[in-house]
Number of protein chains: 2
Amino acid sequence: MPGKAVVLLSGGIDSATALALARDEGFEVYALTIDYGQRHRVELEAARRVARSLSANEHKVITAALRAVGGSALTSDVDVPKSETAGEIGEAIPATYVPGRNTVFLALALSWAEAIGATDVFIGVTAVDYSGYPDCRPDYIEAVQRLSDLGTKAGVEGTPIKVRAPFVNVPKSQIIRTGLRLGVDYSLTHSCYDPTRDGKACGKCDSCHFRKKAFAEAGVKDPTVYAE
Amino acid sequence: MPGKAVVLLSGGIDSATALALARDEGFEVYALTIDYGQRHRVELEAARRVARSLSANEHKVITAALRAVGGSALTSDVDVPKSETAGEIGEAIPATYVPGRNTVFLALALSWAEAIGATDVFIGVTAVDYSGYPDCRPDYIEAVQRLSDLGTKAGVEGTPIKVRAPFVNVPKSQIIRTGLRLGVDYSLTHSCYDPTRDGKACGKCDSCHFRKKAFAEAGVKDPTVYAE
């Protein structure tokens with residue numbers, strides 16, 4: 001009988017589906033959103049809508065001032081890259097990479113998991129349709145598990161918190177099909193790195209390109225309202 | 001020729017000495033203090049005094065709302081344990097343990113290191129005279145190094161940021177002797193978990209006991225003003 005799980009919830013496709021999956025496995029789900037000073041604040045609202053819609057037992061928004069660190073187009077005044085060819089996976093790590101973001105997120109998730117006695121932490125990263133960020137890959141997730149084994153009270157006492165990235169090898173189109181089966185309403189989610197003032201997706205950044213491509217590959221209508 | 005190093009600076013003995021050591025090795029030192037909602041706010045003031053006194057190139061205080069997570073006597077309303085026998089290293093992990101604190105700190109330090117192009121991150125943890133926290137031990141530090149190798153842009157590009165815990169196997173008395181040689185003024189540092197309103201150390205918590213013991217073993221006068 002599963003107990004409690006902390007699920008990192010950004011408000012995007014992957015994390016919303018991870019939340020639905022954890023709930024489907026029978027966990028009490030504790031959704032955790034990190035307010036890291038992201039420029040796209042509409043993400044936080046999307047996370048709230050998704051947590052409510054999927055009946056999370058609790059939804060906590062924690063502040064971690066990554067903006068103070070700088071170094072990314074997502075938290076500073078660097079322009080978000082846009083082009084008709086964005087969305088291709090390249091070799092280079094792009095300007096939207098936030099240094100150490102997932103490590104900070106997972107550290108906070110492990111912290112909350114310890115505090116409430118959760119057995120599992122879910123993160124919806126995927127290394128398939130992604131932007132080339134280093135902290136989304138299977139060997140990175142294994143390194144975080146090792147940190148959970150060694151750096152938490154639960155781990156030292158013999159029952160480490162499991163770090164689960166169920167979609168790490170799953171294409172985004174398949175994540176969407178899983179989510180639809182589990183009742184995720186993707187019209188509530190948000191992916192765009194650079195939304196308009198009224199919250200519409202730009203349709204041109206990497207994240208919009210991946211989203212469009214995933215819905216097309218899944219053969220499902222994309223419910224997103226794009227600015228263009 | 002060393003370049004830049006990020007040094008986690010709590011304002012206590014170990015981190016002040018780590019800062020002095022990094023400077024002595026020739027690094028430009030970027031001191032990082034995490035405001036995690038600790039009850040002992042006087043720590044933040046101590047960190048500022050130490051950074052100034054040791055001529056850090058920059059001192060940044062970043063907020064990470066660990067208080068929102070709860071689960072520790074250091075951030076919540078649980079009493080800080082006190083007794084005449086506090087300060088003994090026991091088997092149990094004590095109530096002052098903040099779940100995942102060092103992982104959150106190191107994640108933020110790695111993030112800042114990436115953003116400024118630092119090659120090293122210093123953390124002043126010691127597994128010798130410590131309170132039994134799981135995230136202060138050599139194998140934990142190795143796990144963080146692995147995370148740096150795999151989860152950062154620098155690591156993926158072949159020049160991982162080095163995670164350095166120079167005192168992890170060093171008794172606190174020896175840390176103090178090193179610091180005195182390097183010009184650390186320990187009267188500026190703060191260790192107490194539960195200071196009085198006017199900032200005096202309680203003299204009774206684990207951290208005060210370890211501090212007193214370390215100065216005694218080092219054969220050096222403890223400059224701390226204790227409430228009793």
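Every interface residue of chain A, 100% of them, is an interface residue in chain B as well, so the two copies meet through the same surface. Contact here means that C-beta atoms, placed from the backbone, lie within 7 Å. This is a predicted model, where local features need pLDDT of at least 70 and side-chain atom pairs count only at pLDDT 80 or more, while totals for chains, interfaces and linings use all residues. Residues are numbered from 1 along each chain as its sequence is written, and chains are lettered from A and ligands numbered from 1 in the order in which they are written.

How do the copies relate? Rotate chain A by 180 degrees, with 0.0 Å of shift along the axis, and it superposes on chain B with an RMSD of 0.0 Å (least squares on C-alpha atoms of residues with pLDDT of at least 70 in both). That is the relation of a two-fold axis. In chain A, the residue that comes closest to this axis is A:Ala64, its C-alpha at 2.1 Å.

Now look inside chain B. Five strands (DSSP E runs of at least two residues; helices are H or I runs of at least four, both numbered from the N terminus) make an open, parallel sheet, ordered β3-β2-β1-β4-β5. Strands pair if DSSP finds at least two bridges between them. At the edges sit β3 (58-63) and β5 (162-164) of chain B, each pairing on one side only. Strand β1 (residues 4-8) of chain B runs parallel to β4 (residues 120-122) of chain B, joined by three bridges; B:Val6 has B:Val121 in β4(B) as its bridge partner.
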